[in-house]
Amino acid sequence: MQQYYRYNTYPGKKKAERSGRYEYLDEAAIADKLVDFKNEEVTVVTFYIPAIHCSSCIWLLEHLYKLNTAVVRSQSDFMKKQVNVTFKHGELSLRDLVALLENIGYAPKITLQDVIKSARKFSQRGLVAKIAVAGFCFGNSMMLSFPEYFGMAAFEAKYATFFGWMNFAFTLPVLLYSGRDYFTSAWHSLRQRQLNLDVPLALGIAVLFARTAWEVFSGSGPGFSDTLCGLVFFLLVGRWVQQRTYHHISFERDYRSYFPVAVTHIVAGVMKPIPLADIRVGDRLLVRNGEIVPADAILLKGNADIDFSFVTGESEPVRKVLGEVIYAGGRQLGEAIELEVMKTVSQSYLTRLWNNEAFKPHERKFRTFSNVVSRYFTLALLTIAVSAMSYWFFQGNSAKAWGAFTAVLIIGCPCALALSGPFTLSAALSIFDRNRFYVKNTAAIEQLAAIDCLVFDKTGTISSPNAARMHFDGELTADELAMAVSVAQNSSHPLSRALVSWGGSVTPMRVSGFREVTGKGIEAIVAGHDVRLGGGAFVGVRHADNAAQGSRVYVAIDGQVKGCLVASQPWRPQLAGVMDSLATDYELHLVSGDHDRDKEQLRAVFPRKSDLLFNRLPIEKLEYIRTLQAAGKEVCMFGDGLNDAGALKQANLGVAVSDDINNFSPGCDAVLDGRSFALLPRFFAFAKAVRKVIHMSFGISLMYNAVGLSFAVMGTMSPLFAAVLMPLSTVTIISFTTVATRLYAVKKQLINNVS
Amino acid sequence: MSAIFFLIGCSVFIALIFLAAFFWANKTGQHDDTYTPSIRMLFDDEVEEIEDKVRNPADTEKAVK
């Protein structure tokens, strides 16, 4: 490696440099928000670099100091694809550092999200420390409890007290440090007048501790300290597994990640980068090729071809003329344009759409199985405990009454129950992940199983932007076709290439005077004829169908329009099959923002009773979902683009279908990679199977509880019994859920081999 | 038999030292990235500059032969 770069001083591939792209990093206001640490001499900054993919990347990034002496130290994190760089800001500016990284092919991804990084930091360190303490105490108290379980001779009795006190000492850090989260969570839940699963857990832990303390202080018994430590240890390990499974899907993206951090502001002819938040109405902005229009603005200069795929999902650029309004979220393709801001960023169309009440960043309230169960569980547990206690009081045996009461709360502690959900669901989550279906959290999987109505958007969802199917409106002779294809061959525009492939094999003719008007069309002389290909306006069609623009190419020869090539909506290959297998169990509907030129084709694909709605505004889509929900449906919405965001969020489950996973829409509960669209029926079936696994594991855990409780209410539960039963039930549940989930995944053909 | 008190005290003390060591490792972020260091250790050390001076065109030719 070392030698490779020694012999080859100049890296093989050089990125096209775009001057001024990182100018905004010179602005102190922006730079300060990006850096982690800064003193008089050095600055520390962490970049997210998506390009990291092999050990050579690590080598190169960790040897930055060789490329530039101002870099003191750089350390990469392969799994998170991050690089932490320490550099002397006296010799190297942040902007130059970023430019350096880009030059060697590792352009960092800098978005507003980095600037607003408050919620981004995720650390398991605290949890790991708690597990360590719990594990330490668990092991030691286990060791000290063994003599008690094996029985001790009378002369060893003095040790029993000593062991008891030692054990008690070990429970203290577990209770006060490791188990603290359960108490706070239970307390919050009670304050909101709800009973989540943490309530009986916290209750169980508290009672365990109280009884242990009492037995040790009064010298009446060994207590349950090893059970308590073990319980907390297993619970924390379960929580750790759960967090680890899905923290890598950094789902905390919002619409801000679509916008560039800074924009170029033009004041009196001088360009200056300013932070997004500083944009004012009336500002003049420069938007270059590939940049996103940050706010609603009027086009002042240049040819705007705006790609609104972020907003509408339509990938065909929209042509805008001078004086027209360009809405925020569009991406300029082609030359640089100048805009005048009409509305500041926060009031923009997108943000307004966002701020609609349905988009409010409220906590999505899924009614998960364990939430429902835990309410009844806690009540039932308390009832049993109190009735057992009152029974023994009635019998006049107050010691046994307290014994039974605490034993019920201890043995009823839903440790296995608390673990079954997280373990099953996180296993399912990783299986979905592997099949390119990225579900936001475990609750969404349970929601997936409850869905009975599916609503699809059209563009980008059931149609794929990759493979187009075409037909020609009008008539072309073989000669004319040859002419059109010969001209189209000169252009790299997707539609030109589409025309070439549609034309098939024709003998190319000599072309002269070729001219391409970016975004409009192409023109050339072939065999003495003037051939023009392009949009309606370019070839001279008077009544061009504006709605269909971008998906059709007009062909004109000698000023006479011969017809046009229509690229019809290319459906995803397995669409009919997917709809067929879903139709038996689900209600299917279509809501599209497009016009209804494909209605007939879709009618054939969708079941007869489906609604096919076209020309819907985003707000109407949202209303439609709401109507379905009012009719008692559990609605799952499939869509893409920001204008579906409302509907996605309103739906019980919003799934964004994306062919480029980086472009997914916020506000959704899951992201489906377009390539996995055909697996949809399997995903739904698997989600239902997962729910079944949870129910079964819940049944098993209840069985354990029933056995334990029957001893507990008799007041005959020994500490040894509790110490064996509780880990045993936990281990059973964990292994059952893991095995069962995998088996179902194999059965549904979501993983290939049982390994 | 009272040696047991001493021995248990010792064992707990040693265990506490390990716990403290684990805490230190955890706090300094040694568990944050468990993959990159395994690759980093495989990188070659700095190659001595002398090697370059020794290696002249004649040597390379010999090596080829």
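This tour moves through a predicted model, from the contact between two chains to a hairpin and then to the nonpolar cores.

Begin by selecting chains A and B together, and display the residues where they meet: 18 residues of chain A are in contact with 17 residues of chain B. On the chain A side, colour α3 (55-62), β3 (71-77), α7 (125-150) and α8 (157-178), each of which supplies at least two residues of the side that touches chain B. Among these elements, α7(A) deserves its own selection, since the largest share of that side, 6 residues, comes from it. If you then colour this side of chain A by residue class, you will find 11 nonpolar, 4 polar and 3 charged residues.

Next, select residues 35-38 and 42-48 of chain A, which are the strands β1 and β2; the two run antiparallel and are joined by 3 bridges. Following the backbone from β1(A) to β2(A), you pass through a hairpin whose connection has 3 residues, and at A:Lys38 you can look across to A:Thr43 in β2(A), which stands opposite.

Now turn to the largest nonpolar core, which has 123 residues, and select those with the most contacts inside it: A:Ala134, A:Ile205, A:Val232, A:Val408, A:Val455, A:Met637 and A:Val690. Helix α25 (residues 680-714) of chain A gives the largest share of this core, 14 residues. Centre the view on A:Met637 and, leaving aside its neighbours within four places in sequence, show its contacts, which are A:Val455, A:Ile625, A:Ala647, A:Leu648, A:Ala651, A:Gly654 and A:Val655. Finally, select A:Tyr22, A:Ile49, A:Ile58 and A:Val85, which are among the 23 residues of another core lying apart from the largest one.

Note on methods:
Residues are numbered from 1 along each chain as its sequence is written. Chains are lettered from A and ligands numbered from 1 in the order in which they are written. This is a predicted model: local features need pLDDT of at least 70, side-chain atom pairs count only at pLDDT 80 or more; totals for chains, interfaces and linings use all residues. Two residues are in contact if their C-beta atoms, placed from the backbone, lie within 7 Å. Helices (H or I, at least four residues) and strands (E, at least two) are DSSP runs, numbered from the N terminus. Ala, Val, Leu, Ile, Met, Phe, Trp, Tyr, Cys and Pro count as nonpolar, Asp, Glu, Lys and Arg as charged, and the others, Gly among them, as polar. Two strands pair if DSSP finds at least two bridges between them. A nonpolar core is a set of buried Ala, Val, Leu, Ile, Met, Phe, Trp, Tyr and Cys residues joined through C-beta atoms within 7 Å. A residue is buried if 20 or more other C-beta atoms lie within 10 Å of its own, exposed if 12 or fewer, and partly exposed in between; C-beta atoms are placed from the backbone.
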